[in-house]
Amino acid sequence: MENRIAIIKNGLVDNVIVCSDEFAEYLQDQTVNVTEIDCEIGYSYDGTSFTAPIKSIEELEIEARMWRDFELEKTDFIVPLTDFPNHAAWITYRQQLRDWTTTEDFPNTKPTAPAEL
Amino acid sequence: MSNFSDFFPVAEGGGGGIPKYQEFTSSGTFTPSQALIDAGGRVFVFLVGGGSSGSGEDYGGGGGEVLLFYDTLTTTSAITVTIAASTTSSTGNSSVWNGDDAGGTLITAAGGVTGNYGGNFQSNKLTAGFGARSSGSTPGGGAGSGVFGYGAGGSSWAGPGVMDPKANSGQGSWHQSSGGSGFARITWFE
């Protein structure tokens with residue numbers, strides 16, 4: 001397993017590099033060995049532990065709309081195939097996707113597809 | 001019969017001969033020799049950022065940036081070379097050539113970026129492989145091939161690309177694997 005060293009700048013993980021512990025001490029930036037720790041770029045560091053970045057409501061809504069658009073794109077082919085299994089359920093699902101952004105479930109609770117494609 | 005030196009004559013005052021090189025699969029330092037500085041200080045750097053991991057089944061990870069460039073060094077001070085670690089994140093880590101430590105240039109090979117629902121992308125990067133995309137069981141596009149395989153894009157469920165990257169390749173991966181770590185090779189004459 002590679003030895004992973006996080007480079008910390010202003011309390012945030014700026015980069016994670018492959019590095020010996022001895023070389024990490026040579027670097028001028030604050031470094032922490034994260035070989036056994038869940039730590040990626042953008043995580044915050046309080047001097048003891050790492051925390052994944054919290055997304056703003058705007059970021060969550062943008063991602064949710066992108067997911068919704070992608071789901072509609074993935075299921076486009078079902079619409080003209082009237083003998084597709086659970087066709088009516090898929091049409092209902094697509095309508096739920098379109099209505100989702102105006103409901104209280106948006107963006108946290110996604111509509112559920114009738115089955116996996 | 002022709003000789004190699006007929007086409008690439010040895011420069012006056014130095015140069016020619018067998019190239020020297022140093023490879024980095026882990027971070028370390030490169031210390032220019034006085035002979036290198038006396039010969040003009042020119043080094044050729046091959047620098048690869050880390051790949052990213054795929055996002056869900058439909059998006060392969062992006063390959064790390066692959067840079068090939070010259071730098072001119074003026075002192076024998078040690079240069080720090082940091083090598084990107086592998087990652088399970090959709091953002092790859094960076095590899096950095098701190099050439100400015102010895103009068104050269106600071107250059108970063110950025111980590112790969114995984115596309116997300118709207119199509120894979122590698123914005124403002126040179127020679128990084130984009131990850132594959134698929135829509136359900138339909139391939140939406142294969143991954144980029146990178147440079148000599150370095151920095152190639154990762155596969156999606158139905159889109160061709162790298163599944164499990166080789167170490168120090170900078171390759172992107174599919175979503176259940178880690179993007180490849182970075183790499184650097186410094187070549188010079190003295």
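**A pocket, its surroundings and the aromatic pairs**

The largest pocket holds about 590 Å³ of space. The model is a predicted one, and this pocket makes a convenient place to start a tour of it. Its lining is made up of 21 residues, and those nearest the centre are A:Lys55, A:Glu63, B:Ser89, B:Ser90 and B:Thr91. By type, the lining of the largest pocket divides into ten polar, seven nonpolar and four charged residues.

From the pocket, the description turns to helix 2 of chain A. Helix 2 covers residues 57–75 of chain A, 19 residues in total, and spans 27 Å between its first and last C-alpha. That reach is close to the 27 Å expected at 1.5 Å a residue. The buried residues of this helix include the nonpolar-type names A:Ala64, A:Trp67, A:Phe70 and A:Leu72, and A:Arg68, A:Glu71, A:Lys74 and A:Thr75 are buried as well. Two of these buried residues come up again elsewhere in chain A. The ring of A:Trp67 has the charged end of A:Lys110 sitting over it, 4.6 Å from the ring centre. A:Lys74, for its part, can be paired with A:Leu117: the two are 43 residues apart in sequence, while their C-alpha atoms are 8.7 Å apart in space. A:Leu117 belongs to the segment after helix 3 of chain A. With a relative accessible area of 46%, A:Leu117 falls under the 50% that an exposed residue must pass, so it counts as partly exposed.

The backbone of chain A also has some features worth a visit. As background, most residues other than glycine have a negative phi, and most peptide bonds are trans. A:Asn86, in the loop between helix 2 and helix 3 of chain A, has a positive phi of about 60° although it is not a glycine. Further along, A:Phe106 and A:Pro107 are joined by a cis peptide bond with an omega of about 5°. A:Pro107 lies in the segment after helix 3 (87–100) of chain A. Another loop of chain A, the one between strand 3 (30–33) and strand 4 (44–45), contains A:Asp38. A:Asp38 is exposed, because its relative accessible area of 53% is over the 50% cut-off. Between the C-alpha atoms of A:Asp38 and A:Pro53 there are 12 Å, with the two residues 15 apart along the chain.

Chain B can be introduced through its overall make-up. Its secondary structure comes to two helices and ten strands, and the order of these elements from the N terminus is α-β-β-α-β-β-β-β-β-β-β-β. Chain B has 190 residues, and 51% of them count as buried.

Aromatic contacts appear in both chains. Over all chains, a search of the whole structure finds 13 aromatic pairs. One of them is the tilted pair of B:Phe44 and B:Tyr70, with 5.2 Å from centre to centre and 55° between the planes. B:Phe44 lies in strand 3 (residues 42–48) of chain B and B:Tyr70 in strand 4 (residues 66–72), so this pair ties together parts that are 26 residues apart in sequence. B:Phe44 is partly exposed at 27% relative accessibility, whereas B:Tyr70 is exposed at 58%. Strand 3 of chain B contributes to another pair too, in which B:Phe46 meets B:Phe183. Here the arrangement is edge-to-face, with 6.2 Å between the centres and 70° between the planes. B:Phe183 sits in strand 10 (residues 183–188) of chain B, and the pair links parts of the chain 137 residues apart. Both B:Phe46 and B:Phe183 are buried. In chain A, A:Phe77, A:Phe84, A:Trp90 and A:Tyr93 form one aromatic cluster.

Two further residues complete the picture of chain B. B:Phe148 is found in the loop between strand 9 (138–141) and strand 10. The phi of B:Phe148 is positive, about 55°, although the residue is not a glycine. At 72% relative accessibility, B:Phe148 counts as exposed. B:Glu190 is placed in the segment after strand 10 of chain B and is partly exposed, with a relative accessible area of 37%. B:Glu190 and B:Ile79 are 111 residues apart along the chain, and their C-alpha atoms are separated by 17 Å.

Conventions:
Residues numbered from 1 in each chain as written. Chains lettered and ligands numbered in written order. Predicted model: local features only at pLDDT ≥ 70, side-chain atom pairs only at ≥ 80, totals over all residues. Heavy atoms only, no water. Helix = DSSP H or I, 4+ residues; strand = E, 2+ residues; numbered from the N terminus. Expected span 1.5 Å × (residues − 1). Buried < 20%, exposed > 50% of the residue type's maximum accessible area, 1.4 Å probe, protein only. Phe/Tyr/Trp six-rings, centres within 6.5 Å; stacked < 30°, edge-to-face > 60°. Lys NZ or Arg CZ within 6 Å of the ring centre and 35° of its normal. 1 Å grid on protein atoms, 1.4 Å probe; cavity = no way out; pocket = protein on both sides within 12 Å on 5 of 7 lines; lining within 4 Å. Points joined across faces, edges and corners; volume = space filled by probe spheres on them.
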